[in-house]
Amino acid sequence: MDPLIRVDRISKSYGSHMVLNDISLEVRQGEILAVIGPSGAGKSTFIRCLNGLEQVDRGSVTVAGQPVTSVTSVAGRVGMVFQQFNLFPHYTAIDNIAAPLRTIKNMPRPQARDRAAELLESVKLADKAGQYPSTLSGGQQQRLAIARALSMSPDIMLFDEPTSSLDPELAHEVFDTIQALARSHMTLVLVTHQMNMVKNFAARVLFLENGAIFFDGTFDALTTAADPRIRQFLKKIYP
C-alpha cells in the first residue's frame, strides 16, 4: 500500500534560521504518529507543512499522491486542530460546524445543521448546540474545534498541542475524543508534550531536534533509548 503522507527531504527556514533540515518520512493509512521534541525543534512548523499552512523551501509533501502546495490543495483531505481553538465567536456551536459545510461544501442549510448535530453528538456536545464559544469550557471548545475539523470528512487529522492550554481535567475530555478517533483507525499526527497521549495512542514516535529527525520508532524503544539527549528530554516531561 502506498503511503498516505510522503515527506521527501523537506527543509524550511525563516530568514537565516533553519527550522526544518532535510526531513523525510512516510505515514501509512490508519497510522498514528506522535511528534515530540524540545521547544524550537520545528514540530509545529513540520505539522503545518503537512497541510500547506507553511510552504517548504526545498523538498516536497504529498497526501494520497497529491502535492501539498497550499491549504486548498488538500482541502477536505486534511483536518487540523490547533492549540488555540480558532472558533467563530459570533456563531453558536452548531453554526461553527454548519457554516463551513454550507460555504465550503455547498451543503443545504437543513442538511448542514443535521450533520453538525451528529458531530456535536459524537463529541458529547449535543446539549451545547445553541451556545456560543465564550460560554463553553476550554475542553468543550477544543472538542467543538475537533468536530468542526471532522465535518470536512478528512482522511487525516493533525493536532498541534491540542491539550497544552487546558488543565488536566479538561484535557482528559479532549483525550477521550482523540482516543475515539484512534479507535476508528483514522490517520492521526499529534504534536504533543503529553507523554500519556503518546503512550496510549501512538504506534510510532518521531523525536525532532534542531529541525531534524533524531528518533523514529516505537514508544517502548523511545523510553529505553540510551542516547543522553532523549533521556534528558524524557526526564523533564515523563518522570
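How are H2 and H3 oriented to each other: roughly parallel, roughly antiparallel, roughly perpendicular or oblique? In this predicted model, local features need pLDDT of at least 70 and side-chain atom pairs pLDDT 80 or more, while totals for chains, interfaces and linings use all residues. Residues are numbered from 1 along each chain as its sequence is written, and side-chain values use heavy atoms, without hydrogens and water.

Helix H2 (residues 93-104) packs against helix H3 (residues 109-122) at about 130 degrees, with axes 8 Å apart. The two are therefore oblique to each other (under 35 degrees is roughly parallel, over 145 roughly antiparallel, 65 to 115 roughly perpendicular, the rest oblique). Contacts (heavy atoms within 4.5 Å) involve residues including Ile97 and Leu101 of H2 and Ala116 and Leu120 of H3. The residues of this contact comprise ten nonpolar, no polar and five charged.

The largest nonpolar core (buried nonpolar residues joined through side-chain atoms within 4.5 Å; buried is under 20% relative accessible area, exposed over 50%, partly exposed in between, with a 1.4 Å probe and protein chains only) has 54 residues. Among those touching the most other members is Phe159, whose contacts include Ile47, Ile178 and Val191. Helix H5 (residues 168-183) supplies the largest share, seven residues.

Two residues that are not glycine have a positive phi.

| Residue | Phi | Loop between | Relative accessibility |
|---|---|---|---|
| Ala64 | about 50 degrees | S4 (58-63) and S5 (66-67) | 38%, partly exposed |
| Asn210 | about 55 degrees | S9 (204-209) and S10 (212-217) | 63%, exposed |

Key
Axes fitted to C-alpha atoms, helices over the stretch in contact; angles between N-to-C directions. Helix = DSSP H or I, 4+ residues; strand = E, 2+ residues; numbered from the N terminus. Nonpolar A, V, L, I, M, F, W, Y, C, P; charged D, E, K, R; others polar. Lists of a residue's contacts leave out its neighbours within four places in sequence.
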